[in-house]
Amino acid sequence: MKTRPLGSHCRLAVAAVACLASVVAGPAAAQAPHQKGAAFNMVAVGHNDLDGRGFNADVWVHEGHAYVGSWGFSDFASGSKTRFCPSPDKSGVAVLDATDPTDPRRVATLANPVGTSVEDVVAFTAEHGAFAGRDLAVGGIQVCGGSRYDTSIFRGLVVWDVTDPASPVEIGRLSTGCCTRGLHELEVQHRPDLGRSFVYASVPASEYPDALSPSGRRDQQGRGDFRLIDVTDPTVPVEVSDWGVLHNPTPGLPAPGLGCDPDPIFGHSAEPSADGKLAFVSYWDSGFIALDVTDPAAPVFRGRTVYPANADGDGHSSNYDEDRQLLFAADEDFCKTSGPDTEKGFGYLRVYDYSNLAAPVQIGEYRTPNSLGASDQGAGDYTIHNPLQKGTDVYISWYSDGIRVVDASDPTRPREVAFFVPPSANNPVS
């Protein structure tokens, strides 16, 4: 089994809250205006506003506790322009005891360095090494409070011991080095065949040109965006390999840029298979790339998805259905329209048949009505974010469209069966 449990890894992009919701049977209902919130076949059973801190990011649930990351972002076009970065009192991973889902209570914070954000977090029980049986959390640290050239700001991987969630202890770090923002999204998978555990991670824009770097790219060592990190000894995480579309020349890659964010060399996230021997890397306009990491030290390209000519691209994240060899893939596209030759609307869910790694085929898709971009919804970003497959259902965080639940028992015709949209709240940035 994967370490990811149901209910994990969803950005709370609508309001500065943490909610617990259950899927229930019920009659169809018309969707209310988003300012007031809306729900269909889902009922909120608990709530914690995290002191109204805002900046809330991904959520992971482990052993009855919810781990809520915090989000910051810097625009490095000018080299040092800060867009927003949560202050220490609003930063870190909030730890909530949700054993009573009607009354989730904050019990601790996993602190990150000042001037950084810790957007993505995964908690799991260690299966190998000296820490086997203990509960750990890993988080990706990114610079948001200064220039990416400032080497005094740590960026990379942090590991905490959360065996006692109310008393977390930082036990390890791995710096990803200058001069990217740092480690963005990550997943964890165990390899019983090797007796080791790995973090499958992305360090976006590692391969962007940078005249100030010895390698000529933002990553001073010239590495690719995908990173495989051994955390069997969580006190000393070790990067065992990397892969990128420029770092590892492959025919057809990088693919041509698409849409309003024409960026074919941006590796955003990585999804491991249940046995840890495959990694599906979301590589923006270059599609979703399958890597064979049977030998962790030597990733091998096996195949990739190819966008239609009129697509906007922006491959953001995915979830792999082991039993049916399907990849549920999310395109994070904020542009309602990118020109006359590009399909209109925000990003949405694509379903790929990945039974042939060398030649995956799209067989289905799902879009919310708002993501079609056919009408002006006012404020809001109606793009998909992260999908999570459980059985034949897919749970999806969808920015201003909240949480959507899609029945994919027929993957060629996914249909929505539930949703929950929290009431709107103040934007903590503006």
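This is a short guided walk through the structure shown above. Please keep in mind that the model is predicted.

Let us begin with the sheets. Strands of a sheet pair through backbone hydrogen bonds, either parallel or antiparallel. One open sheet here is made of 4 strands in the order 14-15-16-17, and its pairing is antiparallel. At its edges are strand 14 (186-191) and strand 17 (238-243), each of which pairs on one side only. Ignoring direction, neighbouring strands of this sheet are turned by 25° against each other on average. You can follow one of the pairings in detail: strand 16, covering residues 226-230, runs antiparallel to strand 17 and is joined to that strand by 5 bridges. Look for Asp-230, whose bridge partner in strand 17 is Val-238.

Further along the chain, another open sheet of 4 strands has the order 18-19-20-21, with antiparallel pairing. Strand 18 (269-272) and strand 21 (300-304) stand at the edges; each has a single partner strand, so one side of each has no neighbour in the sheet. In this sheet, the average turn between neighbouring strands is 30°, direction ignored. Strand 19 (residues 278-282) pairs with strand 20 (residues 288-292) in the antiparallel sense over 5 bridges. Here Phe-280 has Ala-290 as its bridge partner in strand 20.

The loops deserve a visit too. Between strand 19 and strand 20, the loop holds Trp-284. This residue has a positive phi of about 50° although it is not a glycine. Is Trp-284 buried or exposed? With a relative accessible area of 3%, Trp-284 is buried. Tyr-399 also has a positive phi, near 45°, and is a residue other than glycine. You will find Tyr-399 in the loop between strand 27 (393-397) and strand 28, and at 9% relative accessibility Tyr-399 counts as buried.

Two other loops contain a cis peptide bond to look at. One joins Cys-178 and Cys-179, with omega about 10°; Cys-179 lies in the loop between strand 13 (169-175) and strand 14. The other runs from Leu-253 to Pro-254, with omega near -5°, and Pro-254 is in the loop between strand 17 and strand 18.

Another proline, Pro-101, sits in the loop between strand 8 (93-97) and strand 9 (105-110). Pro-101 counts as partly exposed because its relative accessibility is 35%, and the partly exposed range lies between 20% and 50%. Although Pro-101 and Gly-64 are 37 residues apart along the chain, their C-alpha atoms are separated by 8.8 Å. His-316 offers a similar exercise in tracing the chain. This histidine belongs to strand 22 (residues 315-321) and is buried, with a relative accessible area of 1%. His-316 and Val-281 are 35 residues apart in sequence, and 9.0 Å lies between their C-alpha atoms.

Now turn to the charged side chains. The count comes to 20 salt bridges. Which residues meet Arg-404 in this way? Asp-401 forms a salt bridge with Arg-404, at 3.9 Å from N to O, and Glu-416 forms another, with the closest N and O atoms 2.9 Å apart. Glu-416 lies in strand 29 (residues 415-421) and Arg-404 in strand 28 (residues 403-407), so this pair ties together parts that are 12 residues apart in sequence. Arg-404 counts as buried at 0% relative accessibility, and Asp-401 is buried with a relative accessible area of 0%.

Salt bridges that share partners also join Asp-331, Glu-343, Arg-350, Glu-365 and Arg-367 into one network. Within the network, the side chains of Arg-350 and Glu-343 meet at 3.3 Å, N to O. Arg-350 is buried at 2% relative accessibility, and Glu-343 is buried at 18%.

Glu-343 leads us to the last stop, the empty spaces inside. Rolling a probe the size of a water molecule over the atoms shows where empty space is left. The whole structure contains 4 cavities of 30 Å³ or more. The second largest cavity has about 60 Å³ of space. Its lining is formed by 13 residues, and those nearest its centre are Asp-312, Asp-333, Glu-343, Phe-346 and Tyr-348. What kinds of residue make up the lining of the second largest cavity? They divide into 7 charged, 3 polar and 3 nonpolar.

Key. Residues are numbered from 1 along each chain as its sequence is written. This is a predicted model: local features need pLDDT of at least 70, side-chain atom pairs count only at pLDDT 80 or more; totals for chains, interfaces and linings use all residues. Side-chain values use heavy atoms; hydrogens and water are left out. Two strands pair if DSSP finds at least two bridges between them. Axes are lines fitted to C-alpha atoms, for helices over the stretch in contact, and angles run from 0 to 180 degrees between N-to-C directions. A salt bridge is a side-chain nitrogen of Lys or Arg within 4 Å of a carboxyl oxygen of Asp or Glu. Buried means under 20% relative accessible area, exposed over 50%, partly exposed in between (1.4 Å probe, protein chains only). On a 1 Å grid over the protein atoms alone, a cavity is a set of points where a 1.4 Å probe fits but cannot get out, and a pocket is an open set with protein on both sides within 12 Å along at least five of seven lines; lining residues have an atom within 4 Å of a point. Grid points are joined across faces, edges and corners, and a volume is the space filled by probe spheres set on the points. Ala, Val, Leu, Ile, Met, Phe, Trp, Tyr, Cys and Pro count as nonpolar, Asp, Glu, Lys and Arg as charged, and the others, Gly among them, as polar.
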